[in-house]
Amino acid sequence: MRRRTTALVGSLVLLTATGCGAADMTKQASPFANAGGAKSVTLSVQSWVGAQSNVAVAQYILQHKLGYRVDTVQVDEVPAWDALSQGRVDALLEDWGHPDQEKRYVQDKKTIARGGDLGVTGHIGWFVPTYLAKEHPDITDWRNLNKYASLFRTAESGGKGQLMDGSPSYVTNDKALVKNLKLDFQVVFAGSEAAQITQMKQFAKEKKPFLTYWYSPQWLFEKVPMTEVKLPPYKEGCDADAAEVACSYPHTPLQKYLNADFARSGGKAAAFLKKFRWTTRDQNEVSLMIAEQKLDPQEAAEKWVDSHPAVWKKWLS
């Protein structure tokens, strides 16, 4: 996530699934992107529902409060930087940390500009269901995982314990962690956030053990309580060599980025997106409406906007 995405025209329909193995769609840029003088904005959408919530609310306000025409393009995390640099999209509202891309495009090429904090801190980790942690309290220390590996075996894990990951497109250190920590586990990809959620909910319904790569903020914690497994402490630079990673994931203040030309000449839209900043609670409120209550993202955004005027009006001032 962060390490870790249908193109829309006109009134737009956002993705309502919580993720579906997003493809690189940078070739399908908005027909309105960079249209001379057109009052339009193109937003990049990632595959996880929290990112979709950001876009849903930003889109609603841009359309209904500022009078813009909005288009969205679904792009994986790293290709989104290329699309942003090329002007295929105007803004990326939730980045989980890509230092190589930041150096290339923000510092060196200066084709992308920082858009400020989203206001949400992201964290990736390994989690077990809380009912399992209560039954085996020491399972939340990575040093004890091999002791319990047999509990996590599945048909896909080849006789080892299964560590469930989501989409292969997400940035993950899990294969290196398993190898470097000498754990008797196999990383198995569910394929998408939606598929991963389906599996976790089914395991929880049956009170079965599972160990999963997961992240916060995420609405599922309210439906399936989970407890984090403590990995070796994160220290600055401990993840610099992807093959040698043997530490936990950092806590990452999530960032927004804008195409540099759009940041300079995007008018009220650019100014609004720079000021767009909300809390984990705000994001989860919209995410729950989209993922659990099955509301159309624009319906969810409208409900949130109607009930939180004190928050979003600051973004327009």
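In this predicted model, Lys-110 is placed in the loop between α3 and β4. Its phi is positive, at about 60°, although Lys-110 is not a glycine. Most residues other than glycine have a negative phi, and most peptide bonds are trans. The relative accessible area of Lys-110 is 55%, so this residue is exposed. A second non-glycine residue with a positive phi, of about 55°, is Lys-182. Lys-182 is found in the loop between α5 (174-180) and β6 (185-189), and with a relative accessibility of 67% it counts as exposed. A further backbone feature is the cis peptide bond from Ser-216 to Pro-217, for which omega is near 5°. Pro-217 belongs to the loop that connects β7 (211-216) with β8 (226-229).

Helix α3, which Lys-110 follows, spans residues 99-108, and its buried residues are Gln-101, Glu-102, Tyr-105 and Val-106. Viewed down the axis of α3, these buried residues fall within an arc of 100° and therefore line one face of the helix. Pro-99 and Asp-100, on the other side of α3, are exposed. The cover over the buried residues of α3 includes α2 (77-86), β4 (112-129) and β9 (251-259).

The packing of α2 against α3 was examined further. The two helices pack at an angle of about 5°, and their axes are 11 Å apart. Angles under 35 degrees count as roughly parallel, and α2 and α3 are therefore roughly parallel to each other. On the α2 side, the contact involves Val-78, Trp-81, Asp-82 and Ser-85, which meet Gln-101, Glu-102, Tyr-105 and Val-106 of α3. The α3 residues that meet α2 are thus the buried residues of that helix.

The largest nonpolar core comprises 83 residues, of which Val-57, Leu-62, Trp-126 and Leu-273 touch the most other members. Helix α1 (residues 49-64) supplies the largest share of this core, with 9 residues. Another core, of 12 residues, lies apart from it and has Val-75, Ala-83, Leu-92 and Tyr-105 among its members. Beyond residues up to four places away in sequence, Leu-273 touches Val-41, Leu-43, Ala-58, Leu-62, Ala-91, Leu-93, Gly-115, Lys-256, Leu-258 and Phe-262. Leu-62 is thus a contact of Leu-273, and both are listed with the residues that touch the most other members of the core.

Lys-275 lies in helix α8 (residues 267-275). Its relative accessible area is 38%, so Lys-275 is partly exposed. With neighbours within four places in sequence left aside, Lys-275 is in contact with Lys-256, Lys-314, Trp-315 and Ser-317. Lys-256 is also touched by Leu-273. Between Lys-275 and Trp-312, 37 residues apart in sequence, the C-alpha to C-alpha distance is 9.2 Å.

A search of the whole structure returned 1 disulfide. The bond joins Cys-238 and Cys-247, with the sulfur atoms 2.0 Å apart. The torsion about the S-S bond of Cys-238 and Cys-247 is about 85°, and the disulfide is therefore right-handed. Burial was assessed for each of the two cysteines. Cys-238 has a relative accessible area of 22% and is partly exposed, whereas Cys-247, at 4% relative accessibility, counts as buried.

How values were computed:
Residues are numbered from 1 along each chain as its sequence is written. This is a predicted model: local features need pLDDT of at least 70, side-chain atom pairs count only at pLDDT 80 or more; totals for chains, interfaces and linings use all residues. Side-chain values use heavy atoms; hydrogens and water are left out. Buried means under 20% relative accessible area, exposed over 50%, partly exposed in between (1.4 Å probe, protein chains only). Helices (H or I, at least four residues) and strands (E, at least two) are DSSP runs, numbered from the N terminus. The arc is that of the directions from the helix axis to the C-beta atoms. Contact means heavy atoms within 4.5 Å. A disulfide is a pair of cysteine sulfur atoms within 2.5 Å. A nonpolar core is a set of buried Ala, Val, Leu, Ile, Met, Phe, Trp, Tyr and Cys residues joined through side-chain atoms within 4.5 Å. Axes are lines fitted to C-alpha atoms, for helices over the stretch in contact, and angles run from 0 to 180 degrees between N-to-C directions. Angles under 35 degrees count as roughly parallel, over 145 as roughly antiparallel, 65 to 115 as roughly perpendicular and the rest as oblique.
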